[in-house]
Amino acid sequence: MELKSKVALVTGGGTGIGRATSMALARRGAIVVVNYSKSEADAEETVRLIREEGGQAEALQANVARDEEVRRMVQTIVERFGTVDLLVNNASITRHIPLSDLESATEDAWDELMDVNVKGMFYCARAVVPLMKSNQAGAIVNLGSIAGQTGVGSSLPYAVSKAAVHGLTKSLAHALAPEIRVNCIVPGAVATRWWAGKEEQMHRLAPRLPLQRISTPEDIAAMICAALEQDAMTGQIITVDCGQTM
């Protein structure tokens, strides 16, 4: 799919992988809607950076875990830009809980992570599907995690939520074909603010990876754009992890 002049919604688009993806899409000529929940300053900074490079972008607030907010955001996008052609389901959260500490994996922790990481992606997809169906074309990329493949991550609920994202991708790919393609990009360790306070751990990990480096947000953004552009691919779970899970 040619991305030029397409309207792209990037959830959690103000920081990290979301910012890198928003900027990469804008450089390919897309009109980018940078969604945020609480990080308004970061989202507006992303918009400023895009506009400085001559691109089109706008920041819109919505908590993806709330269906009514998602639907309202999409309606606003339609009013301003006419449609949504591309969706990058990037918004995710975590809690750092040792895997063996089952008692700390509380109902609240499960609800929060599943609401944002899984239901949020479904709500965003559901809200844009009628537009993509009307256009007879569309592409969605969900952000998974190697935690969803290995079962090891920042917490047990997080790993399970990402495994669910991988399953959601395949189910949506079946449900929305042939007009809409749905794929999942699965990062390993990425140099983002998720490592805040754990930088030394990140630096120890890098030399042990086959490629001897940690992925950058730009690495992941490049693969997201490739998945959006590839018209012959749907339902795929693509790992980008510098060989971490090889």
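Biologist: Which residue does Glu45 form a salt bridge with?
Modeller: In this predicted model, Glu45 pairs with Arg48, and the closest N and O atoms are 2.6 Å apart.

Biologist: Where do those two sit, and how many residues apart are they?
Modeller: Both are in helix 2 (residues 40-52), 3 residues apart, which means about one helical turn separates Glu45 from Arg48.

Biologist: Buried or exposed, or something in between, for Glu45?
Modeller: Glu45 counts as partly exposed, because its relative accessibility is 28% and the buried class ends at 20%. Arg48 is also partly exposed, at 37%.

Biologist: Which residues are joined with Glu45 in a network?
Modeller: Glu45, Arg48 and Glu52 form one network through salt bridges that share partners.

Biologist: How many salt bridges does the structure hold?
Modeller: There are 14 salt bridges in the structure.

Biologist: Give me one that involves Arg80. What is its partner?
Modeller: Glu58 is the partner, with the closest N and O atoms 1.8 Å apart. Arg80 belongs to helix 3 (residues 67-81) and Glu58 to strand 3 (residues 56-61), so this salt bridge ties together parts that are 22 residues apart in sequence.

Biologist: And Glu58, buried or exposed?
Modeller: Glu58 is buried, because its relative accessible area is 18% and buried means under 20%. Arg80 is partly exposed, with 49%.

Biologist: What else does Glu58 touch, leaving aside neighbours within four places in sequence?
Modeller: Glu58 is in contact with Val32, Val33, Val34, Val47, Arg51, Arg80 and Phe81. Arg80 in that list is also the salt-bridge partner of Glu58.

Biologist: What about Arg95, which side chain does that one meet in a salt bridge?
Modeller: Arg95 meets Asp108, at 2.4 Å from N to O. Arg95 lies in the loop between strand 4 (86-89) and helix 4 (107-135), and Asp108 lies in helix 4, so the pair links parts 13 residues apart in sequence.

Biologist: How does accessibility look for Arg95 and Asp108?
Modeller: Arg95 is partly exposed at 25%. Asp108 is partly exposed as well, at 46%.

Biologist: Switching to helices. What do the axes of helix 1 and helix 8 do?
Modeller: The axes of helix 1 (residues 16-27) and helix 8 (residues 217-229) come within 8 Å and cross at roughly 50 degrees. That makes helix 1 oblique to helix 8, because the roughly parallel class stops at 35 degrees and the roughly perpendicular one starts at 65.

Biologist: Left-handed or right-handed crossing?
Modeller: Helix 1 passes helix 8 in a right-handed crossing.

Biologist: Which residues meet there?
Modeller: From helix 1 they are Gly16, Ile17, Ala20, Thr21, Ala24 and Leu25. Helix 8 contributes Pro217, Glu218, Ile220, Ala221, Ile224, Cys225 and Leu228. By class, the contact has 10 nonpolar, 2 polar and 1 charged residues.

Biologist: Last one, Ile237. Where is that residue found?
Modeller: Ile237 is in strand 7 (residues 237-240) and counts as partly exposed, at 24% relative accessibility.

Biologist: What does Ile237 touch, not counting residues up to four places away?
Modeller: Ile237 touches Gln149, His166, Thr169, Lys170, Cys184 and Val186.

Biologist: What separates Ile237 from Ser22, going by C-alpha atoms?
Modeller: The C-alpha atoms of Ile237 and Ser22 are separated by 21 Å, with the two positions 215 residues apart along the chain counted as a sequence separation.

Key
Residues are numbered from 1 along each chain as its sequence is written. This is a predicted model: local features need pLDDT of at least 70, side-chain atom pairs count only at pLDDT 80 or more; totals for chains, interfaces and linings use all residues. Side-chain values use heavy atoms; hydrogens and water are left out. Axes are lines fitted to C-alpha atoms, for helices over the stretch in contact, and angles run from 0 to 180 degrees between N-to-C directions. Helices (H or I, at least four residues) and strands (E, at least two) are DSSP runs, numbered from the N terminus. Angles under 35 degrees count as roughly parallel, over 145 as roughly antiparallel, 65 to 115 as roughly perpendicular and the rest as oblique. A crossing is left-handed if the near helix is turned anticlockwise from the far one by less than a right angle, and right-handed if clockwise. Contact means heavy atoms within 4.5 Å. Ala, Val, Leu, Ile, Met, Phe, Trp, Tyr, Cys and Pro count as nonpolar, Asp, Glu, Lys and Arg as charged, and the others, Gly among them, as polar. A salt bridge is a side-chain nitrogen of Lys or Arg within 4 Å of a carboxyl oxygen of Asp or Glu. Buried means under 20% relative accessible area, exposed over 50%, partly exposed in between (1.4 Å probe, protein chains only).
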